[in-house]
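Open the model in your viewer and show it as a cartoon. The tour starts with the whole chain and then moves to a strand and its neighbours.

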Amino acid sequence: MGADEDQSESPGGGETVVVVDDELIRNIVSRMLATAGYDVITAEDGPAALAAVEGHHGKIDLLISDVVMPGMNGRLLVDRLRVAFPAMKAIFMSGHSDDTILRYGIRDTGAAVLRKPFVRDTLLRTVREVIDSG
């Protein structure tokens, strides 16, 4: 696949995306997003994500977060970030069962769920769809 095809699949328009997950997933996802044209802020957990965006000037377009994390689960992180960034959209990455997603109230956030493992094209397509959704 050539660079032109990559760009036409799901081009980033400089939107700001916060990625919160363990180091391996965070690094892979942030690299995929950055090479597609997104501005990426990363954090290892909820409290670190709140600290990372505290001094951010501008909007946060999208949060991509794990559901289950130490310190603060993904649902609480979305709720906290939406106080400062009410238009922020969210995608939860999860390798957990539907029961876990229901137990954490993920469906109530209006966020999309991306099942781990996933491939680059699925990530970029989902990100673009969520950002562009009304």
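A contact here means heavy atoms within 4.5 Å. With that cut-off, residues 24 or more positions apart account for 62% of the contacts in the protein chain with a separation of 6 or more. Keep in mind that this is a predicted model.

**Whole chain.** Select everything. You have six helices and five strands. Colour by sequence and follow the pattern α-β-α-β-α-β-α-β-α-β-α. The C-alpha trace spans about 40 × 35 × 30 Å along its principal axes. A compact globule of 134 residues would have a radius of gyration near 14 Å, and the chain agrees because its value is 14 Å.

**Surface.** Switch on the surface. About 6800 Å² is exposed, and carbon and sulfur atoms supply 51% of it. Of the 134 residues, 45% count as buried.

**Strand β4.** Select residues 89–94. How many of the six residues are buried? Six of six: the strand is mostly covered. Now show side chains. Lys-89, Ile-91 and Met-93 lie on one side, with Ala-90, Phe-92 and Ser-94 on the other; both faces are covered.

**Strand β3.** Add residues 62–66. This strand runs parallel to β4, joined by five bridges. Find Leu-62, which stands opposite Lys-89 in β4.

**Helix α4.** Add residues 74–84. Together with β3 and β4, this helix makes a right-handed β-α-β unit.

**Strand β5.** Finish with residues 112–115. Four bridges join β5 to β4, and the two run parallel. Pick Ile-91 in β4: Ala-112 in β5 stands opposite.

Terms used:
Residues numbered from 1 in each chain as written. Predicted model: local features only at pLDDT ≥ 70, side-chain atom pairs only at ≥ 80, totals over all residues. Heavy atoms only, no water. Buried < 20%, exposed > 50% of the residue type's maximum accessible area, 1.4 Å probe, protein only. Pairing = 2+ DSSP bridges. Right-handed = clockwise from strand over helix to strand, strands pointing away. Rg over C-alpha atoms; globule rule 2.2 N^0.38 Å. Areas by Shrake-Rupley, 256 points an atom, 1.4 Å probe, with all protein chains shown as cover.
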